[in-house]
Amino acid sequence: MAIKILSVDDELDLELLLTQYFRRKIRKGEYEFLFAHNGLEALTMMVKHPDIEIVLSDINMPEMDGLTLLAKINEMRNPALRVIMVSAYGDMGNIRQAMNNGAFDFATKPIDLDDLSVTIEKAVEQINYVHETQREHSQLESLKGDLAIAGEIQQAILPRQFPPFPAIAELLDIAALMTPAKDVGGDFYDFFRIDDERIGFVMADVSGKGIPASIFMAVSRTLIRATGIRGGSPAECLTYSNKLLASESVDCMFVTVFYGILNVVTGDIEYCNAGHNPPYVLRQSGELSALPLPADPMVGAIDGLEFHVANLRLNPGDMLVLFTDGVTEAMNTQYEEFGEQRLEATLSRLKGADCKHTVETIKADTTAFSGEAEQSDDITILAIKRL
């Protein structure tokens with residue numbers, strides 16, 4: 001589009017001079033000239049043509065001089081608008097005042113049109129830069145809005161109703177949270193009914209951060225849930241999920257997964273830990289222990305792997321606490337990690353607590369430990385207690 005240039009000067013012959021000198025650029029559609037003869041006419045013209053981007057203004061004019069016009073233009077706060085002041089060579093005081101008041105550049109009379117052409121070209125470069133910056137800013141704002149919506153959607157697909165299973169509320173207590181480090185995260189938790197006596201539960205952490213991790217998270221969560229709800233063993237579920245994810249993985253992404261199936265009547269759990277942080281068991285007596293280190297690799301890393309089942313029993317009053325490494329690797333301003341020892345100290349204080357209080361206390365302790373340090377990783381916690 002043509003750059004619109006408003007010439008403001010009470011000397012009428014300047015109009016002919018400019019249109020003749022810049023005739024080629026005018027014919028090519030690069031420049032479009034408009035003309036006013038004093039500051040008041042210029043302001044009226046600028047209201048009528050808000051896309052004017054260069055003002056070439058004389059300083060000494062009737063009704064409203066150039067310095068007053070410059071002050072009015074500054075009030076418009078248009079970051080792309082450039083004002084070039086024109087005055088007699090001996091009028092350096094006014095020219096200097098105009099420059100101090102925000103004029104882009106100046107030209108002296110009689111006008112050297114070659115020099116004026118270079119000045120206009122410099123102004124056009126800056127105007128184009130401002131427009132490009134504004135476009136990038138608009139794109140970033142749009143992306144920021146999209147990410148906020150994506151974050152809301154991501155939270156919405158995770159179970160958020162507690163207690164989640166009213167029919168067995170007297171047998172089971174569950175609470176969970178996921179706090180992403182960025183607008184969207186790669187962690188997820190999940191739980192679902194398999195049949196009248198069994199529920200499946202998942203804690204997982206996708207490699208990477210941001211949008212790619214969030215997409216892989218959604219795919220992994222959907223795949224594991226759809227496979228697990230059929231009722232097969234945790235090993236069968238993860239073996240099948242690994243096959244599909246590994247064959248479609250982009251940039252070698254993978255997900256660490258702890259998937260368990262709890263019999264709410266007997267308290268028996270069969271589980272498979274695919275490269276994930278070992279959960280803790282907090283017994284009713286207050287005894288605390290971590291499950292063994294994972295024997296299986298991450299899901300989605302290598303095709304053709306088989307996963308293995310282990311077993312655990314929760315007695316009435318016992319709680320299983322699952323988490324991602326965003327908890328233990330939370331750092332403070334001295335770059336110290338929260339670590340397993342602090343997590344164990346937190347859990348040791350929670351004998352007899354319900355799941356909601358347990359989850360909230362772990363999150364509060366990591367937040368207090370981190371202080372002013374920026375959250376570097378997603379924090380996800382899931383607690384399951386047999387009543």
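**A walk through the model: loops, rings and helices**

Let's start with Arg 77, which is exposed, with a relative accessible area of 75%. Before I go on, please keep in mind that this is a predicted model. Arg 77 is in the loop between α4 and β4, and β4 covers 82-88. Its backbone is the reason I picked it: Arg 77 isn't a glycine, yet it has a positive phi of about 50 degrees. As background, most residues other than glycine have a negative phi, and most peptide bonds are trans.

Glu 63 is another case. It has a positive phi of about 70 degrees, and again we're not talking about a glycine. You'll find Glu 63 in the loop between β3 (52-58) and α4 (66-76). Is Glu 63 buried or exposed? With a relative accessibility of 66%, Glu 63 counts as exposed.

Glu 63 also turns up in the surroundings of Asn 38, so to speak. If you set aside the neighbours within four places in sequence, Asn 38 is in contact with Val 8, Met 61, Pro 62, Glu 63 and Met 64. Asn 38 itself is in the loop between β2 (31-36) and α3 (39-48). At 5% relative accessibility, Asn 38 counts as buried. And look at Val 8: it is 30 residues from Asn 38 along the chain, with 6.0 Å between the two C-alpha atoms.

One more loop residue while we're here. Gly 232 is in the loop between α7 and α8, with α8 covering 234-248. Gly 232 is partly exposed, at a relative accessible area of 23%. Its C-alpha atom is separated by 9.5 Å from that of Ile 261, which is 29 residues away along the chain.

Now, the peptide bonds. Which residues does a cis peptide bond join, with omega about -5 degrees? That would be Lys 109 and Pro 110. Pro 110 is found in the loop between β5 (105-109) and α6. There is also a cis bond from Phe 162 to Pro 163, with omega near -5 degrees. Pro 163 lies in the loop between α6 and β6, where β6 is 172-179.

On to the rings. How many aromatic pairs does a search of the whole structure find? It finds 13. Take Tyr 21 and Phe 22: their ring centres are 4.9 Å apart and their planes are at 80 degrees, so this pair is edge-to-face. The cut-off behind that is planes over 60 degrees apart. Tyr 21 counts as partly exposed, at 31% relative accessibility, whereas Phe 22 is buried, at 2%. Ring pairs link these two with Tyr 31, Phe 33 and Phe 35 into a cluster.

There are charges over rings, too. Lys 25 lies over the face of Tyr 31, at 5.3 Å from the ring centre. Elsewhere, Arg 193 has its charged end over the ring of Phe 165, 5.9 Å from the centre.

Last topic: helix packing. Two packed helices are described by the angle between their axes and the distance between the axes. Tyr 21 comes back here, as one of the α1 residues in a helix contact. Helix α1, residues 13-21, packs against α6 at about 70 degrees, with the axes 12 Å apart. That makes α1 roughly perpendicular to α6. On the α1 side we have Leu 17, Leu 18 and Tyr 21, and they meet Leu 113, Asp 114, Leu 116 and Ser 117 in α6.

Helix α6 (residues 113-157) also packs with helix α7 (residues 210-228): their axes come within 12 Å and cross at roughly 25 degrees. These two are therefore roughly parallel to each other, and their crossing is left-handed. Here Leu 147, Gln 154 and Ile 157 of α6 meet Ile 211, Ser 214, Met 217 and Arg 221 of α7.

And finally, α10 (residues 339-348) with α11 (residues 355-370). They pack at an angle of about 140 degrees, with 10 Å between their axes. Are they parallel or oblique to each other? Oblique. α10 passes α11 in a right-handed crossing. From α10, the contact uses Arg 342, Leu 343, Thr 346 and Leu 347, and from α11 it uses Thr 358, Thr 361, Ile 362, Asp 365 and Phe 369.

That's my tour, thanks for listening.

Technical notes: Residues are numbered from 1 along each chain as its sequence is written. This is a predicted model: local features need pLDDT of at least 70, side-chain atom pairs count only at pLDDT 80 or more; totals for chains, interfaces and linings use all residues. Side-chain values use heavy atoms; hydrogens and water are left out. Rings of Phe, Tyr and Trp (its six-membered ring) pair if their centres lie within 6.5 Å; planes under 30 degrees apart count as stacked, over 60 as edge-to-face and the rest as tilted. Buried means under 20% relative accessible area, exposed over 50%, partly exposed in between (1.4 Å probe, protein chains only). A charge sits over a ring if NZ of Lys or CZ of Arg is within 6 Å of the ring centre and within 35 degrees of the ring normal. Axes are lines fitted to C-alpha atoms, for helices over the stretch in contact, and angles run from 0 to 180 degrees between N-to-C directions. Helices (H or I, at least four residues) and strands (E, at least two) are DSSP runs, numbered from the N terminus. Angles under 35 degrees count as roughly parallel, over 145 as roughly antiparallel, 65 to 115 as roughly perpendicular and the rest as oblique. A crossing is left-handed if the near helix is turned anticlockwise from the far one by less than a right angle, and right-handed if clockwise. Contact means heavy atoms within 4.5 Å.
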